Amino acid sequence: MSTNLTSLIVAVKGAQDLEEEGYIIQIGNGASVDTVRNLAAEKLDIVGSTANIVLEDAEGNTLDEIDRIRSQKVVYLNTKDSIKSVIPGPTKLPYIGNLYEMMPDMNAGFLRFFEKYGPLIDVSILGTRMVATCDPDIAEVFVKESEYFTKKIKTTLKEIKLFAGQGLFTTDTSDPDWKLAHKLLMPAFSPRAIKVYQNEMGIIAQETIRILEQYKPDEKVEILHWTTNLTFETIGKIGFGYEFGLLEKREAPPHPFIEAMGYCLKQSIVRFSQAQFMKSLPLEMNRRYDREVNLMHSIVDKVIKDRKESEDATDIEKDLLGFMLNARDEHHQGLSDENIRDQVVTFLIAGHDTTANTLAWFLYEISRQPEIEAKVLQEIANVGITHTELPSSEQISRLKYISMCLKETLRMHPPVRMLGKYCQKDCILPGGYKIEADTPSVVHLYGLHMNPKVYPDPYNFDPERWTPEEEQKRSKAAWLPFSTGPRGCIGMAFALQEAKTVIGMFLHRFKFCYDGPAVKYDPKQPTTKPVDLFMTIQNRTDFPEPSADAEVYEPKEASGPTKEMPKLDRSIEMASVKLPPITFLYGSQTGTSQDYASVLSNQARQFGFKDVTLTDMDKWKVLDSGKYEGPTGVNEDRELVVVCTATYNGMPPDNAERFDKFLDKSDAQGNERLLHGLQYAVFGIGNKNWRTYQYFPIKVDSRLDDLGAERFFLSGKGDTDGDIDSDFNDWSAHFWSHTLSHYGLVISKDISVVPSSSTNKEASQAAVVHYISPSDTEKWDLGFNNRNGTHNAIVIENKELQQGDSGRSTRDIRIDVTKLESVGDNDLLYLPGDHLEVMPENDPETVEAVALGFGMVLDSVFEIDQSSIVGLSPRSLAATIKGPCTIRNALTCYADLLSPPSRRILGYFAAQLHKIAPETAEVFDSLTMPDVNNKDQYPEFIKKYRTLLDLQKGFPQVQKIEIGQFMAAVGVMQPRRYSIASSPHMFPKEAHLAVGVVDDVVNGKHYPGLASSFLAHQIPGESKTVLRAKFKSSKGVFEMPADAETPMIMISAGTGISPFRGFLQERAYQYKHASGPVGECLVFFGCRREDQDRIYGDEFDEYVKEGVISGLHVAYSRQIPPSNRKYVQHQVLANANEIWRLLVPADETKKPAVVYICGSGAMSRDVRATFRSMAISFGAAKDEEEADKFIQKLMQDHQYNEDVWG
């Protein structure tokens, strides 16, 4: 079979010159519309999600079918909002741009423009153009370091750079100074380092408290003055061993450095708003500006000089300055004295000003919210923080509700109101707007944080926005007070720890009161400072006692997983952190859920959990007791249960049926507190193409909540039709980040929260393999007979269903199933609509190639030492093969050799190869998760290395892996399910399958489908035609009507006709044997050509003659000449009256028809859209929303049924 590559020219809609503006892409046989979108978006520099991209032909007609796309020469890209060359914004005046409209409050000017022009605007101030946004989707594109956007010092940062120099905050990402400083200074802000700073933070808070105690209860105090003094002393002392003397006494004069810095920061706004030539005029403000910059530099230069001449000069651990002076990279490069000065100035600015503002705003906000203040006080009491004793870092980490309040404070009063970025390559933004290279780009944080579409009622202070459930609903770019990614604030954890320390101690000692008008920020300051915030400071008299019943608040701390994921710092004494029991339950059909639960349980032990249970769902102890009997108080060690479960046709896995019955049995009034006190989280596994995707996991999540358990973390979803390991990694990273934060464990780098990252560094375990001597004849006999199950089905006929030169193959395979366990009724082996599950086998050539590559003797017999498989993946060969087995049988009947190498396998291989093939190990390591820029290389890798054999040939180093390592790493193959294409009444001893034979051709190489090729090559009458198979019931999900009088409407394409052949055989049987009338059958079928792939066509024509089929409508997508009814949905629409007559009969005595759809997910979606149109056209619904509800009702009543696949 040859490769059918289609070349297309893609261009942005409106392109005038295809030579210059068009790009060629090539798509293969398996391409979809989304494939074209993604390829074209990459070529045409369309950034962000491709979901809104619309493909059109030259006339502007939407191309929503891959075959229509293939027929085009040129495909034009548009967006749902259309592609626009002009970004909206106010009219710019010559020279001054939009200065008048932006001043005096630039922040308010931006908000007015957003309200008038939308979430993306183009503005200019005195010749400086910028594109600004308050939309999370666009913000996410702006802040991500990529080929399109980076940080370059533009806008107001140009003015701050004059005194902060080459500091981290005011240097381009591409600048070598920034790269070196960022690399060297990160350890100074590690979780371990910040924990060391805790006591000093508490001491400085106590010094401030002693000053504040000197104020009378009715004396107005400018609170920002003292929060500024506190934070300045904190960063000065902890960072550089320098004391400014600001807390020595109440009347302490301001330090000259602080006055100079304050003046320069304020002038940065003024100078940005001025014409450039104004800065060069001999004016006093310019002269003073220069004097203050020189003053700051001279003070810092002296601090550096004194340290270098002191006995602590070489002490890298002393403080931040010690890091700056002594840290060296792998090339022994360090920071220059001038750069150290710039970094000190930067940290003195960023390390005090923003935290001081946040503390002042926090105290102001809670003074106006007594209910919120009461919750804050209760949390402080519960944690045990007082102003007389220094709080520990563990106590601070438990201030969850205060963290929520701080997040809300930072949302409403972001310390900086804009994040400056830079577009370095032309691209098209979300929303369809083109932006050119060299354009300064701004994320307007105040507008983003006050966007009512993101934060309803945005001007209301509401910490409940920061519950885990609420945070999960928003884009990760909706809250950016510390920016994000490599340019995120390096001191974020330092600032939050300091703020929580001060808040806990301050509020234990004082009550801060404000009774004036609403406080506003100072628009002339570059940071968001409150103006005239004068408060009275009362002695605290209403501090509560600790309460075991206080509500627990659990804000989400995690962001999306990247290559450098948060990890647990091993420097923490695990024994000092009390952790609750944690149970991992799995409901598994194929081993995937069990594998994931096992991975999570291993991680839990590494993180310090002592009481860890791993078991299947049906063995959960609560099923025996009938209720949760553990601790229930919020401060007690309440058990955490994590459920990993799959679903089959919406039903529970075999080892979760008892669990499911418990949920159903408990669904009664009075059981609302049956599981009270229990905490839980769910990760579900399914296939998105199936209508019942995540049905059972969703049920588990919902019912546990109904029974009084507390949802600890939002459920995750893994799609087996996509990159399920990536789905699991993503959810697990968020889950563990939240869990470790919740229990007060510090995040660092030693143990990864990303399963694949953890696995590839720690998967040194190999199975112990014992080879057996031929003299042990008993075990050799067992080994040669160990073929992964019983061969219980015989192929009795195998013929081709396609005709002519179709270039494809569909096999009609008839199987003797008399030895299989029945799932049918009334002595029938099966029922129409059921599936036959077949365990395939690898072909001998592949088996021999793998064996030779790894140096295995095919007919040798081995046995796995069962004690060595503890901790190995349940999906591994080692965990699956029981008893003696030959290498040939292991590779033929067990090993998954033809699936793409999973991230888990690559991670395991990497761990094994680090010493013997480090370069290969590094390549594999990089594939287990996205890199630091969140770029995932794995999808491209498996396009080239599609099988284990490809991996073996492309990276021969893997062949150095020993047999025990191989058995531990390689997964076991999974059975394949086929709809049965026969009726048990017509063929009581047989099951017929219609198997579409997969044969992908990539770069001239054939990649056969494992099961389809295996079945296609079975020759009737030979001994090797014995299969391993079993029935899988579809009862209650995809079964024929119980009443033979009920009409049926069957819609399918390709081998989706399989169950309907069985239905029609059964209906023909009913015609002959039923005592009453038999319902009509409408059949809609889609294929390519009548003379090639109209499978079972003669049989169906005969059913038409016999009256079994009342209407047969076939759509041909590639017929010559072409038909208007190209796809099956077209035939459905063309015969809508006939369908509606049966579906919604006018005669109420008539039984309504049941609709069945079988085929690909894309086909089923198109058919459902057609039924929506029918519902509207026939008056059953007014609009799309009502039409969806109409179809949902049909589905609930089992009147609309789907059996679909990818």
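Q: In this predicted model, is phenylalanine 728 buried or exposed?
A: Let's start with the cut-off: a residue needs a relative accessible area under 20% to be called buried. Phenylalanine 728 has a relative accessibility of 2%, so this residue counts as buried.

Q: And tyrosine 596: is this residue buried or exposed?
A: The reasoning runs along the same track. The relative accessible area of tyrosine 596 is 2%. With the limit for burial set at under 20%, tyrosine 596 is therefore buried.

Q: How many aromatic pairs are there, and how is the pair of tyrosine 596 and phenylalanine 728 arranged?
A: The count of aromatic pairs comes to 45. In the pair of tyrosine 596 and phenylalanine 728, the ring centres are 3.9 Å apart and the planes meet at 10°. Planes under 30 degrees apart count as stacked, so this pair is stacked.

Q: How many residues apart in sequence are the parts that tyrosine 596 and phenylalanine 728 tie together?
A: Look at where each ring sits: tyrosine 596 belongs to helix 23, while phenylalanine 728 belongs to helix 27 (residues 724-742). The pair therefore ties together parts whose separation in sequence is 132 residues.

Q: What kind of aromatic pair do phenylalanine 924 and phenylalanine 941 form?
A: Their centres are 6.4 Å apart, and the angle between their planes is 80°. An angle over 60 degrees is the sign to look for, and the pair is edge-to-face.

Q: Which helices does the pair of phenylalanine 924 and phenylalanine 941 tie together?
A: Both of these phenylalanines are buried. The two parts that they join are 17 residues apart in sequence, because phenylalanine 924 lies in helix 34 (residues 918-925) and phenylalanine 941 in helix 35 (residues 938-944). The names asked for are helix 34 and helix 35.

Q: Which residues is serine 598 in contact with, leaving aside its neighbours within four places in sequence?
A: Serine 598 is part of helix 23 (residues 592-606). Its relative accessible area is 8%, so serine 598 is buried. With neighbours within four places in sequence left aside, its contacts are Leu614, Leu872 and Pro874.

Q: Which element gives the largest share of the largest nonpolar core?
A: This core has 59 residues, and those with the most contacts inside it are Phe362, Leu507 and Phe512. Elements giving two or more residues to this core include helix 10 (198-212), helix 16 (353-367) and helix 22 (492-509). The largest share is eight residues, and the element that supplies them is helix 16.

Q: How many residues does the other core, the one that includes Ile864 and Met967, have?
A: First, one more look at the largest core: leaving aside neighbours within four places in sequence, leucine 507 is in contact with residues including Phe362, Ile366 and Phe512. Apart from that core lies another, with Ile864, Ala895, Ala910 and Met967 among its members, and its number of residues is 50.

Q: What is the reach of helix 43 from its first C-alpha to its last?
A: Helix 43 (residues 1161-1177) has 17 residues. Its buried residues include Met1163, Val1167 and Phe1171, and their cover includes helix 41 (1128-1134) and strand 38 (1154-1160). At 1.5 Å a residue the expected reach is 24 Å, and the model comes close to this with 24 Å.

Q: Which peptide bond is cis, with omega near -5°?
A: In general, most peptide bonds are trans. The loop between strand 37 (1111-1116) and helix 41 holds proline 1121. The cis bond runs to this proline from its partner, isoleucine 1120.

Q: What is the phi of asparagine 826?
A: Most residues other than glycine have a negative phi. Asparagine 826 is found in the loop between strand 26 (810-816) and strand 27 (835-839), and its relative accessible area of 74% makes it exposed. Its phi is positive, near 55°.

Q: Is aspartate 457, which also has a positive phi, buried or exposed?
A: Aspartate 457 is not a glycine, yet its phi is about 50°. Its place is the loop between helix 20 (445-449) and helix 21 (468-473). Since its relative accessibility is 52%, aspartate 457 counts as exposed.

Note on methods: Residues are numbered from 1 along each chain as its sequence is written. This is a predicted model: local features need pLDDT of at least 70, side-chain atom pairs count only at pLDDT 80 or more; totals for chains, interfaces and linings use all residues. Side-chain values use heavy atoms; hydrogens and water are left out. Helices (H or I, at least four residues) and strands (E, at least two) are DSSP runs, numbered from the N terminus. The expected span of a helix is 1.5 Å times one less than its number of residues. Buried means under 20% relative accessible area, exposed over 50%, partly exposed in between (1.4 Å probe, protein chains only). Contact means heavy atoms within 4.5 Å. Rings of Phe, Tyr and Trp (its six-membered ring) pair if their centres lie within 6.5 Å; planes under 30 degrees apart count as stacked, over 60 as edge-to-face and the rest as tilted. A nonpolar core is a set of buried Ala, Val, Leu, Ile, Met, Phe, Trp, Tyr and Cys residues joined through side-chain atoms within 4.5 Å.
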